[in-house]
Structure formats: C-alpha cells, structure tokens
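Visitor: I should like a close look at the cysteines of this model, with particular attention to how their sulfur atoms are placed. Please set the surroundings beside them afterwards.

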Amino acid sequence: MANGAPVCGPISTFSRVRILHTLFECGTSQSRAERTIGELCEATGLHPNTVREHLQRLIEGGYVIQATEHRTTRGRPRTLYSAATGAGDASSPIARDKAKAAAQRGDLLRRMLPATASALGRDATYQLDALIEHLEESGFEPVVDDEQLTVDLSPCPHAAGRAEDRPMLCSVHLGLMQGVLAEAGGPLAAEAVRTSDRAADCPPPEECIVQLRLTEMTAA
C-alpha cells in the first residue's frame, strides 16, 4: 500500500489490513468469529506463508488471538485466529500488558508535566494513554482534544494510497482503536473515523479525525 509517510504497526500493509478486515467481519457476523489459515487465504487471496507471517506479527502486537480448536470427534485440532476486540474471550494478554505499560509511562509524564493531565478521570486517561501509543505505533501523530473527545490524525499517512482502499482501511483502523480502548478498560469508546470530503485528486495532507464518546459504565 503506497503511503505518504513511513507507516508501521498493524496497518502497515494492505495485506495485513485485508486479514484484519476478514477477522473483524467474522466477529460481527452470526457465524463463528475464528478463522483458519486456509479460510483467511480464501477470503483474502493471499498465499498461506504470507498470511502466517502477518498473523504472527499481529499476535505479537496484541491485535489477533490464536487458539486451538476444541474437537469432539477424531482428528487433529485446527489452529484458529480471531480479532482481539477486548470483549469476553476475545481479549489479548499482550494487549492488556501494553495498556498497563502505556498507563505507567503516562503517569510518569504527568508527574513531570502536570499540565498534560486530563479532566476525564483516571480510567479514561489510561485509555487515552493506550490509544495514543497504538496510534503512534501505526504511524500517526495524534492530537487529543479531551473536551471535544476527538483525536486529530491529520495529515493521514495513508492519504496517498488508493482511494478504493480507504473504506476498508478506515473500518479496520476504527476496529483496532475500539479494541485498544476496550482492552485498556474504561468509559471511552471510538465511535467513528471522519476523513476528508475533498476530491480524490486533491493532494495530501488529508483530514482524519477520530470521534470518541463516553459510555455509561456499570458501577462495581
């Protein structure tokens, strides 16, 4: 995927985006959320070795979960893959550890620079810590407005990519952010990604703003 700036992380290549999109779509469908290597190859058109390599990187990053199939009949159990959404059994211990580490680094920064503290409360602040580190890993330079509950990612490093790829990319991008916020735990959720409405032939930088929202949390 051609980009206007170096990009790394879970959306660094469009092959990786396609794999994640398939897993996110499975997670929201009525069928099972997990997929095998073969099923991912069929859905994306990618070679098995390519799928395996990307899955390993996504597992190491805390964005995909690997599990062994529980069989009730004879036969070798399959390895299954699903998106780490932070909900129920779709939670990644790697993602939780990354969120805790981000909160610790955030606390250190706030002790050094008290003016950087957010008025949203501890849990939401820790969610923002995790989200910011995820976005920086993905090649963005996030600017948070904790009053308007927005994260400005302009200029989008993917603006130079193919216009027809943007809907899938933005959908996966949103799903990843929702997963990061859920894994961190707290009242914030990612609601939408707003991109520029300018014509496709307009040069970058492109506008990219993430809209967050506060959810009602059940008291313990």
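Guide: In this predicted model, a search of the whole structure finds zero disulfides. C170 is accordingly in no disulfide, and the nearest cysteine sulfur, that of C208, lies 6.1 Å away. A disulfide requires two cysteine sulfur atoms within 2.5 Å, so the 6.1 Å between the sulfurs of C170 and C208 does not qualify. C208 in turn has its closest cysteine sulfur in C156, at 5.0 Å, which is too far for a bond.

The accessibility of two of these cysteines can also be stated. C170 is buried, because its relative accessible area of 18% falls under the 20% limit. C208 likewise counts as buried, with a relative accessibility of 2%.

Burial is also a feature of strand β2, which spans residues 79–83. This strand is mostly covered, four of its five residues being buried. Strand β1, comprising residues 64–68, pairs with β2 in the antiparallel sense over five bridges. Within this pairing, Q66 has Y81 of β2 as its bridge partner.

The surface offers a contrasting case in M112, a residue of helix α4, which covers residues 93–112. M112 counts as exposed because its relative accessibility of 60% is over the 50% limit. Together with L108, L109 and L113, M112 forms a nonpolar patch on the surface. The accessible area of these four residues together is about 390 Å².

Notes: Residues are numbered from 1 along each chain as its sequence is written. This is a predicted model: local features need pLDDT of at least 70, side-chain atom pairs count only at pLDDT 80 or more; totals for chains, interfaces and linings use all residues. Side-chain values use heavy atoms; hydrogens and water are left out. Patches are made of residues with over 30% relative accessible area and no salt bridge: like charges are joined within 9 Å, nonpolar side chains (Val, Leu, Ile, Met, Phe, Trp, Tyr) within 5 Å. Accessible areas come from the Shrake-Rupley method with a 1.4 Å probe; for residues, only the protein chains shown count as cover. A salt bridge is a side-chain nitrogen of Lys or Arg within 4 Å of a carboxyl oxygen of Asp or Glu. Helices (H or I, at least four residues) and strands (E, at least two) are DSSP runs, numbered from the N terminus. Buried means under 20% relative accessible area, exposed over 50%, partly exposed in between (1.4 Å probe, protein chains only). Two strands pair if DSSP finds at least two bridges between them.
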